[in-house]
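Please read this briefing alongside the sequence and the model. It goes through the chain, then its charged pairs, then its surface patches.

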Amino acid sequence: MQLSGRQTQFYIDIIYGAGFALGFGYLLIAGMNPLVVAFQGGLVLGYILRVWENMSIYERILHEEVAAEAEEAVATEAEVAVAEEAEAAVAEEVASRAETQVAQELEEQVPSEVTSEVEQEVERQMVEELAKEIKDRVGKELDERLDEEVEKRITEAVKERRAVPPRASSPSEEDA
């Protein structure tokens with residue numbers, strides 16, 4: 001059996017106590033010298049008080065160790081419970097704040113963004129329609145002017161041909 005720390009001290013105290021008690025018992029029975037018996041009785045009484053003190057200290061140390069372990073266990077358990085509660089509370093708070101902030105930002109940003117997007121879209125459509133209308137008008141006017149110009153030139157060409165007498169053809173031109 002291997003002894004360590006407090007166990008060793010405990011067994012040493014028992015051996016000393018047994019030795020003092022046997023010595024005191026022998027003195028009481030065998031040699032009744034009152035001075036030696038009184039001295040030996042004082043040693044035994046002092047030894048008993050010392051053992052009692054050691055046992056009190058040992059008991060107090062045990063209580064402190066048990067209390068420390070219990071405190072540590074309670075602290076760990078409380079830490080886990082508090083962490084879970086805190087996490088739940090934080091998650092709930094974050095969710096509610098996020099919901100209100102998102103709602104506020106949507107109220108602030110959506111109308112301005114929608115308005116600017118609608119304005120841009122309307123402007124783009126107006127530009128496209130205006131460009132199409134201008135293209136159609138220019139195309140029609142160009143066609144009309146072109147028709148007028150072609151008609152005018154044809155008319156002029158016909159007038160010129162009517163005004164110019166036909167040339168006599170020479171025999172060499174006919175052969176060719």
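Among contacts in the protein chain with a separation of 6 or more, 50% join residues 24 or more positions apart; a contact means heavy atoms within 4.5 Å. This is a predicted model, in which local features need pLDDT of at least 70 and side-chain atom pairs count only at pLDDT 80 or more, while totals for chains, interfaces and linings use all residues. Residues are numbered from 1 along each chain as its sequence is written, and side-chain values use heavy atoms, with hydrogens and water left out.

**The chain as a whole**

- The protein chain has three helices and zero strands, and its pattern along the sequence reads α-α-α.
- Helices (H or I, at least four residues) and strands (E, at least two) are DSSP runs, numbered from the N terminus.
- The protein chain has 176 residues, and 4% of them count as buried.
- Buried stands for under 20% relative accessible area and exposed for over 50%, with partly exposed in between (1.4 Å probe, protein chains only).
- The accessible surface of the protein chain is about 15,900 Å², and carbon and sulfur atoms hold 60% of that surface.
- Accessible areas come from the Shrake-Rupley method with a 1.4 Å probe; for residues, only the protein chains shown count as cover.

**Salt bridges in helix α2**

- Six salt bridges are present in the structure, each defined as a side-chain nitrogen of Lys or Arg within 4 Å of a carboxyl oxygen of Asp or Glu.
- One of them pairs Glu 133 with Arg 137, with 3.0 Å between the closest N and O atoms.
- Glu 133 and Arg 137 are four residues apart in helix α2, about one turn of the helix.
- Glu 133 is partly exposed at 38% relative accessibility, and Arg 137 is exposed at 53%.
- Elsewhere, Glu 121, Arg 124 and Glu 128 are joined into one network by salt bridges that share partners.
- In that network, the closest N and O atoms of Glu 121 and Arg 124 are 2.2 Å apart, and these two residues of helix α2 are three residues apart, about one turn of the helix.
- Arg 124 also forms a salt bridge with Glu 128, at 2.6 Å from N to O.
- Arg 124 and Glu 128 are separated by about one helical turn because they are four residues apart in helix α2.
- Glu 121 is partly exposed, with 34% relative accessibility; Arg 124 is partly exposed at 39%, and Glu 128 is partly exposed at 47%.

**Surface patches**

- Patches are made of residues with over 30% relative accessible area and no salt bridge; like charges are joined within 9 Å, and nonpolar side chains (Val, Leu, Ile, Met, Phe, Trp, Tyr) within 5 Å.
- A negative patch on the surface consists of Glu 141, Asp 143, Glu 144, Asp 147, Glu 148 and Glu 151.
- Asp and Glu count as negative and Lys and Arg as positive, while His and the chain ends are not counted.
- The place of a charge is taken as NZ of Lys, CZ of Arg, CG of Asp or CD of Glu.
- Glu 148 lies in helix α2 (residues 34-163) and is exposed, with a relative accessible area of 54%.
- A nonpolar patch is formed by Phe 10, Tyr 11, Ile 14, Met 55, Tyr 58 and Leu 62, which together have about 510 Å² of accessible area.
- Helices α1 (6-29) and α2 each supply at least two residues of the nonpolar patch.
- Tyr 58 belongs to helix α2 and is partly exposed, at 33% relative accessible area.
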